[in-house]
Amino acid sequence: MSMMDFIQKSLLLCWLLSAVTEGVTDRRKQRRFIVSEEPDQLHEESAFDLLLESTDYFSMSIPVRTKSPVTSRPSPPPTPKIDPTSSPSPQQSFFTPAPTPEGSGRCLPPPDIADPVSCVPTTGPCIADATTLKNVTDEMTDDDTVAICGNVATSETIRIAASRATLCCGGGDCVLGSAIPPGHQILFVSGRDFTLSGIRFRGGIGNRGGHVAIEADGDHLVEDCGFDFGRARQNDNFGGYGGNVFVQTRDSLTVRRSRFVRGEASAWGGGLAVFDAASLRIEDSLFEDNRASIGAGLMTHWDVEPDGQDISIFNTKFVRNLGEGFLATNLGALPSLRVWESTFIDNANSGISICCQDKDTYDAILCENQGTDGDNRCSSIQIYGETSGTWCLFFDENHPSY
């Protein structure tokens, strides 16, 4: 059996354990998507002459960290309590509760607020045309910083192979987009420790990563960026991952204050797909109106890191994604998972799904979240393991209780 067959069969089993309610089905039928079903129409409309039409939609304001009241719903059955002195049930064996920070008044402290990257170019003045950008990035060396200014329409993919390189906005509203329909992949990175800061992307289409693909080990950073209308398609039964962005690294990816909207992937991860990363951190970001077969908003998968991923999601919104808001799947151990002070609204199938193989214990903290619950816990947050059964929560239920 191939790896892809194994994953697909495991995910099917996961879905069968979660009843899809009539209300969810009705919402899916009623949902209207902005992304066109016709590929040519989609990318004609997202070519460079339309790059600036969605400025208001792409406002770079980050999600507000204060919470609004959760919509009322019938009181659910009590969540099973974990008694450390008793033999755990299959459900209970999933979790290793972590202590609440003493005196914090909250389940987890917020991450330190990081200042934006200082965009000081090392390769010459700020670049405002595609030809110069292509020539400069082709010649980049390690530790170089390239700044763009204004709107740059490219007719071919920008490629960066240097390590510790930075591509950033040197001033104004910086946009990178495809100059001609039906579009092409905008940026491909093969260098370690890449930083992308302050740039909006429109009109990209690719095999892995419609707008951006980062395929290199190292610690990568994406901050203050916007990704809109990216599309990833399969080619000869390969790809279709990361409608807006695709990242593959055995080290880490950090995303701050960024927006992944209206992306579409024929396979996994309409907004963002992350493969093999040992650490994934998402802060103050938005995943909205993306769609994919699975993991429409954010999809993460790993089979390289034997101990699973360290996943942290803080103050992030997942809104109207068709095919789960956030999905994690693997061929090894389940991850260490922290999801707190985040919002999940009208995501089809479920807000969070974790699947498939597992280890004896599972280190998870989910707390201070909110959202529009499904009719049962498993249509809100579902964590599934082949030997440990399924654990499900409503969005505003905390685990562990505190």
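**Exercise 1. Decide whether R257 is buried or exposed, and find its salt-bridge partner.**

Solution. Step 1: R257 has a relative accessibility of 12%, so it counts as buried. The cut-off needed here is that buried means under 20% relative accessible area. Bear in mind that this is a predicted model.

Step 2: The partner of R257 is D224, and the closest N and O atoms of this salt bridge are 2.7 Å apart.

Step 3: Place both residues. D224 lies in the loop between β11 and β12 (226-228), and R257 lies in the loop between β17 and β18 (259-261), so the pair ties together parts that are 33 residues apart in sequence.

**Exercise 2. Find where the salt bridge of E264 and R291 sits in the chain, and sort both residues by accessibility.**

Solution. Step 1: The side chains of E264 and R291 meet at 3.5 Å, N to O. A salt bridge requires the nitrogen to be within 4 Å of the carboxyl oxygen, so the pair qualifies.

Step 2: E264 belongs to strand β19 (residues 264-268) and R291 to strand β23 (residues 291-294). The two residues are 27 apart, and their pair links distant parts of the chain.

Step 3: E264 counts as buried at 17% relative accessibility. R291 counts as buried as well, at 10%.

Step 4: Now look for a network. E223, D224, R256, R257 and E283 are joined into one by salt bridges that share partners.

**Exercise 3. Which parts of the chain does the salt bridge of R250 and D217 tie together?**

Solution. Step 1: The structure has 19 salt bridges by this rule. In one of them, the side chains of R250 and D217 meet at 2.6 Å, N to O.

Step 2: R250 is in the loop between β16 (245-248) and β17 (252-256), while D217 is in the loop between β10 (212-215) and β11 (219-223), so parts 33 residues apart in sequence are tied together.

Step 3: The relative accessibility of R250 is 48%, which makes R250 partly exposed.

**Exercise 4. Locate the disulfides of C107, C119 and C126 and give their handedness.**

Solution. Step 1: A search of the whole structure finds 5 disulfides.

Step 2: C107 is joined to C367, with 1.9 Å from S to S. The torsion about their S-S bond is about 75°, so this disulfide is right-handed. C107 lies in the loop between α3 (39-45) and α4 and C367 in strand β31, so the link ties together parts that are 260 residues apart in sequence. Both ends are buried: C107 has a relative accessible area of 4%, and C367 has 1%.

Step 3: C119 is joined to C168, with 2.0 Å from S to S. This link is right-handed, with 75° about the S-S bond. C119 lies in the loop between α3 and α4 and C168 in strand β4, so parts 49 residues apart in sequence are tied together. C168 counts as buried at 1% relative accessibility.

Step 4: C126 and C149 form a disulfide with sulfur atoms 1.6 Å apart. Their link is right-handed, with 115° about the S-S bond. C126 lies in the loop between α3 and α4 and C149 in the loop between β1 and β2, so the pair ties together parts that are 23 residues apart in sequence. C126 counts as partly exposed at 29% relative accessibility.

Step 5: Compare C225, which is in no disulfide; the nearest cysteine sulfur, that of C169, is 9.3 Å away. The cut-off for a disulfide is 2.5 Å. C225 is buried, with a relative accessible area of 0%.

**Exercise 5. Describe the largest nonpolar core and the part helix α4 has in it.**

Solution. Step 1: The largest nonpolar core has 58 residues. Those with the most contacts inside this core are L167, L187, L196, L272, L298 and F326.

Step 2: Helix α4 (residues 130-138) contributes 3 residues, the largest share. Another core, apart from this one, has 9 residues, among them Y241, F246, W268 and I294.

Step 3: Take L196 as an example. Not counting residues up to four places away in sequence, L196 touches several residues, including L167, L187, F201 and C225.

Step 4: Return to α4. Its buried residues are A130, L133, K134, V136 and T137. What covers them includes β1 (145-148), β2 (151-154) and β3 (158-160).

Terms used. Residues are numbered from 1 along each chain as its sequence is written. This is a predicted model: local features need pLDDT of at least 70, side-chain atom pairs count only at pLDDT 80 or more; totals for chains, interfaces and linings use all residues. Side-chain values use heavy atoms; hydrogens and water are left out. A nonpolar core is a set of buried Ala, Val, Leu, Ile, Met, Phe, Trp, Tyr and Cys residues joined through side-chain atoms within 4.5 Å. Buried means under 20% relative accessible area, exposed over 50%, partly exposed in between (1.4 Å probe, protein chains only). Helices (H or I, at least four residues) and strands (E, at least two) are DSSP runs, numbered from the N terminus. Contact means heavy atoms within 4.5 Å.
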